[in-house]
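Work through the exercises below with the sequence and the 3D view open. Try each task before reading its solution.

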Amino acid sequence: MPASPIRKLVPYAEEAVKKGKNIYYLNIGQPDIKTPKIALQAVKESNIDVLAYSRSEGSDTYRQKISAYYSKHNIDVNQDDIVVTTGGSEALFFAFGSIMDVDDEIITPEPFYANYSGFSTASGVKIIPVISKIENNFALPPIEAFEKLITPKTKAILICNPGNPTGYLYSKEEIQKLAAIAKKHDLFLIADEVYREFVYDGHTHYSIMQEIGLEDHAIIIDSVSKRYSMCGARVGCLVSKNKTLIDTVLKFAQARLSPPTLAQIASEAALDTPQSYFDDVIEEYVERRNTLITELQKIEGVKVAKPKGAFYCIAELPVNNSDDFAQWLLEHFDVDGETIMVAPAGGFYSTPGVGLNQVRIAYVLKKESLIKAVNILKKALEVYNN
């Protein structure tokens, strides 16, 4: 199993804190936005006498409300198309296990969410990368690049939309091209859509489930973690109108018994969060993104892609090895007792040697903290390269 590039530096960060350093955590997508009170209150006010198992596919009332939520986003699914999971991570595990056998292949644009490597390794599945580049803002490569990689072992194409770690947002036309490939070659198209709400600059999110004729091929992975700043709830879901797939996923769900009961209560209540909450959150993230990009562009030798969604960006640094640099920041560098923690981007690629001079930065801190963090980065690069 590969180590997580997001979490593997935690021991060094803990040691730095013990030494009295203050760390700006840019390495992990843990929003500082407050969880909706309505979700927390639902748990506090629950009058449960026995904290029992829920149904393996999730409670009826929660799945009904998820279906209504999707309907607001022009996605037509019912509760029987939904299996509630322990986070979006488990939904991906279930998807991989349900549609692929050992040594099968899945095509995905890279850089990709680092844990895709872990999920594929655990499932005995091989990731086949299609490389996107920072020079063109990590745009989707030509469709021909996907078709050239399809073999008899290819079972699916996997995308994250909007993307982690790049913030890339797929256009309707790109989704339609991917859908055409999936139908032509009888593949599944899996879309990790956990950042659906976080879309900026007047763009709109287009889901694979909005594509007519893709019903047997489309699989959505979703989660409450980022949408409602509820990462600790560990509640997600898998959505598909392919009945055979859902029946298979349910067997995996039954094997792990049930998703967490209290967290489902919180997640069900969270679905009543007013739109004003998201309007405020998106406005805040746009300001944070603009602040981060502006400050990074001031540093000589740094290249950064501007995200259209989610709350991450990839920055290319004037260093040879971002793993070493990220560890050095924690062990040996500070500005007035403060340093930063970033995620080395090599772990977001499966192509050897690619992304070694890049880091992923999560703009989940307030603007003032982001400015301080980038200033520390600037001074660190001056010292590190001399």
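Helices (H or I, at least four residues) and strands (E, at least two) are DSSP runs, numbered from the N terminus, and labels such as E3 are used in this sense. The model is predicted.

**Exercise 1. The largest cavity**

Task: Find how many cavities of 30 Å³ or more the whole structure holds, and describe the lining of the largest cavity.

Solution.
Step 1. Rolling a probe the size of a water molecule over the atoms shows where empty space is left.
Step 2. Searching the whole structure gives 2 cavities of 30 Å³ or more. The largest cavity has about 140 Å³ of space.
Step 3. There are 18 lining residues, and the closest to the centre are Pro-109, Pro-111, Cys-160, Thr-166 and Tyr-170.
Step 4. Two elements, strand E3 (105-110) and strand E5 (154-160), give two or more residues to this lining. The most comes from E3, with 3 residues.
Step 5. Sorted by type, the lining of the largest cavity has 12 nonpolar, 5 polar and 1 charged residues.

**Exercise 2. The second largest cavity**

Task: State which element gives the most to the lining of the second largest cavity.

Solution.
Step 1. The second largest cavity contains about 100 Å³ of space. Of its 14 lining residues, Tyr-62, Ile-66, Val-224, Arg-227 and Cys-237 are the closest to the centre.
Step 2. At least two lining residues come from each of H3, strand E7 (218-223) and strand E8 (236-239).
Step 3. H3 gives the most, with 4 residues.
Step 4. The lining of the second largest cavity divides into 9 nonpolar, 3 polar and 2 charged residues.
Step 5. Arg-227 also takes part in a salt bridge with Asp-222, at 2.8 Å from N to O. Both Asp-222 and Arg-227 are buried.

**Exercise 3. Salt bridges of Asp-60**

Task: Which residues form salt bridges with Asp-60, and is each of them buried or partly exposed?

Solution.
Step 1. Side chains of opposite charge can pair when their charged atoms come close. The cut-off used here is 4 Å between a side-chain nitrogen of Lys or Arg and a carboxyl oxygen of Asp or Glu.
Step 2. Arg-55 pairs with Asp-60, with the closest N and O atoms 2.8 Å apart. Asp-60 also pairs with Arg-63, where the closest N and O atoms are 2.7 Å apart.
Step 3. Asp-60 and Arg-63 are separated by about one helical turn, because they are 3 residues apart in helix H3.
Step 4. Buried means under 20% relative accessible area, exposed over 50%, and partly exposed in between. Arg-55 has 42% relative accessibility, so Arg-55 is partly exposed. Asp-60, at 30%, is partly exposed. Arg-63 has a relative accessible area of 2% and is therefore buried.
Step 5. Over the whole structure, the count comes to 23 salt bridges. One network of salt bridges links Asp-32, Glu-284, Glu-287, Arg-288, Lys-366 and Lys-367.

**Exercise 4. Two surface sites**

Task: Place Leu-51 and Asn-137 in the chain, and decide whether each is buried, partly exposed or exposed.

Solution.
Step 1. Leu-51 sits in the loop between helix H2 (37-44) and helix H3 (60-72). Its relative accessible area is 55%, so Leu-51 is exposed.
Step 2. Together with Ile-48 and Leu-262, Leu-51 forms a nonpolar patch on the surface, with about 240 Å² of accessible area in total.
Step 3. Asn-137 belongs to the loop between strand E4 (126-131) and helix H6 (143-147). Asn-137 counts as partly exposed because its relative accessibility is 27%.
Step 4. Asn-137 and Ile-314 are 177 residues apart in sequence, while their C-alpha atoms are 9.4 Å apart in space.

Conventions. Residues are numbered from 1 along each chain as its sequence is written. This is a predicted model: local features need pLDDT of at least 70, side-chain atom pairs count only at pLDDT 80 or more; totals for chains, interfaces and linings use all residues. Side-chain values use heavy atoms; hydrogens and water are left out. Patches are made of residues with over 30% relative accessible area and no salt bridge: like charges are joined within 9 Å, nonpolar side chains (Val, Leu, Ile, Met, Phe, Trp, Tyr) within 5 Å. Accessible areas come from the Shrake-Rupley method with a 1.4 Å probe; for residues, only the protein chains shown count as cover. Buried means under 20% relative accessible area, exposed over 50%, partly exposed in between (1.4 Å probe, protein chains only). On a 1 Å grid over the protein atoms alone, a cavity is a set of points where a 1.4 Å probe fits but cannot get out, and a pocket is an open set with protein on both sides within 12 Å along at least five of seven lines; lining residues have an atom within 4 Å of a point. Grid points are joined across faces, edges and corners, and a volume is the space filled by probe spheres set on the points. Ala, Val, Leu, Ile, Met, Phe, Trp, Tyr, Cys and Pro count as nonpolar, Asp, Glu, Lys and Arg as charged, and the others, Gly among them, as polar.
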